[in-house]
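New to this one? Take a look at the structure below, and then we'll walk through it topic by topic.

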Protein chains: 2
Amino acid sequence: MSLAHAILGLLQQEERTGYDLKTSCFNQTVAHLWPADQAQIYRTLDKLVEQGWISCTVKIQRDRPNRKVYSVTASGKAELTRWLQCSQPLPIVRDPLLIQLYFADQLPNAAIIQLLEQQLIARREKLAECENIELPMLNDKSASRDQVMQRLVLELAIQREKTYIDWLKTGIDIISCQKEE
Amino acid sequence: MSLAHAILGLLQQEERTGYDLKTSCFNQTVAHLWPADQAQIYRTLDKLVEQGWISCTVKIQRDRPNRKVYSVTASGKAELTRWLQCSQPLPIVRDPLLIQLYFADQLPNAAIIQLLEQQLIARREKLAECENIELPMLNDKSASRDQVMQRLVLELAIQREKTYIDWLKTGIDIISCQKEE
DNA sequence: TGTTAATATATGATTAATCAAATATAAGAT
DNA sequence: ATCTTATATTTGATTAATCATATATTAACA
């Protein structure tokens, strides 16, 4: 499961709590790669401990509730390195809009265009989110190795949105010219 | 759930059995929009009958096992029309390769490139599959309304693969030039 | 003093999807 | 005669993800 390995990767960057993972990773950049909710994160942490891939230390805090800080064990590090080299299957995409459009011939043009316009808004918002993430450009020679990797990932996310946006615009044009019924 | 509505749409095109849905829809074009396995299809058919959106007639066959043929009811047709006009959320994409790349700074360049090369092969295969689907082009004026919709959907699938392929090529170039460690 | 917000973790229930396998009929091939 | 293939449906088990909610501590605010 990739979520487990994503968490392993994040904990290898630095030790964190479940709360940290949620608020500073899975609510931020990682949300674009592998969204995960809080319940799943805490449960996956439990599984990783069971597996022996991470270990937990309770940090007592005076001013706030105590934290369970997790860090990667030697065996966890080995597992991550192993997994990082395994070829993974293509992701499965299930896009409700495509199903709608596939059967949209029975809708009036205006209704179809409304669907596409709404997606266009949502996609533009997502593109803006991705473009707001600050990372050195691919041609920036001062970028560290991990920044290059992260920028590369971000570039796909951005390109993906741009492709979708272009396609939506084409779709709107095409439908506008269609004879109804 | 979109699977239910996809099935509703397919049954509105013509009455079909679970087997038909699997072999001539979910193994073919629809596989690129909304993959579904056989167990899920049959179970969803049961749910749709319970809802009263489709009805079932058993067709006795002499030469082959009997078929349960499903067709859309009036209430099913209404439900489909309703659903087709509801704005749907953006699909959630979880791509394991992006997680790998995000943490790939600890891998040697050759290992990263191997990951990307393998995805490139898989993506090219998928692109070829999409391009093999026969549908009139968007500028073809003899195309029927439903063919236009289906071509539009296919165009996104194709563009999506092309975007991914371009990105993979860029990625391979960038990683090749990276200093290791 | 009581309320809300932020920090922090845990659990129950449900849905959607996947995997595996069982069952049955008949045609066609070896 | 047996094996395979295609047709056709059903069920059990499990995983991954989501949703809702519960619990606890402290700070800040009104």
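Let's start with a pair of helices: in this predicted model, helix 6 of chain B passes helix 7 of chain B in a left-handed crossing. After that come the symmetry of the two chains and the interface between them.

**The helix pair in chain B**
- Helix 6 covers residues 109–132 of chain B and helix 7 covers residues 145–177 of chain B, and their axes lie 9 Å apart.
- The two pack at an angle of about 160 degrees.
- Angles over 145 degrees count as roughly antiparallel, so helix 6 of chain B and helix 7 of chain B are roughly antiparallel to each other.
- As for who does the touching, the residues of this helix 6 and helix 7 contact in chain B split into 14 nonpolar, 4 polar and 8 charged.

**How the two chains are related**
- A turn of 180 degrees, with a shift of 0.0 Å along the axis, lays chain A on chain B with an RMSD of 0.0 Å.
- The two copies are thus related as by a two-fold rotation axis.
- Which C-alpha of chain A is nearest the axis? That of Val93(A), at 3.1 Å from it.
- Both copies use the same surface, with 100% of the contact residues of chain A recurring in chain B.

**The interface**
- On the contact count, 70 residues of chain A meet 70 residues of chain B.
- Chain A and chain B bury about 7,100 Å² between them, and carbon and sulfur atoms give 69% of that area.
- Leu84(A), Tyr102(A) and Arg145(A) supply 12% of the area that chain A buries against chain B, more than any other three residues.

Definitions and conventions:
Residues numbered from 1 in each chain as written. Chains lettered and ligands numbered in written order. Predicted model: local features only at pLDDT ≥ 70, side-chain atom pairs only at ≥ 80, totals over all residues. Heavy atoms only, no water. Least-squares fit on C-alpha atoms with pLDDT ≥ 70 in both. Contact = heavy atoms within 4.5 Å. Axes fitted to C-alpha atoms, helices over the stretch in contact; angles between N-to-C directions. Helix = DSSP H or I, 4+ residues; strand = E, 2+ residues; numbered from the N terminus. Parallel < 35°, antiparallel > 145°, perpendicular 65-115°, else oblique. Left-handed = near helix turned anticlockwise from the far one by under 90°. Nonpolar A, V, L, I, M, F, W, Y, C, P; charged D, E, K, R; others polar. Buried area = accessible area lost by both parts, 1.4 Å probe.
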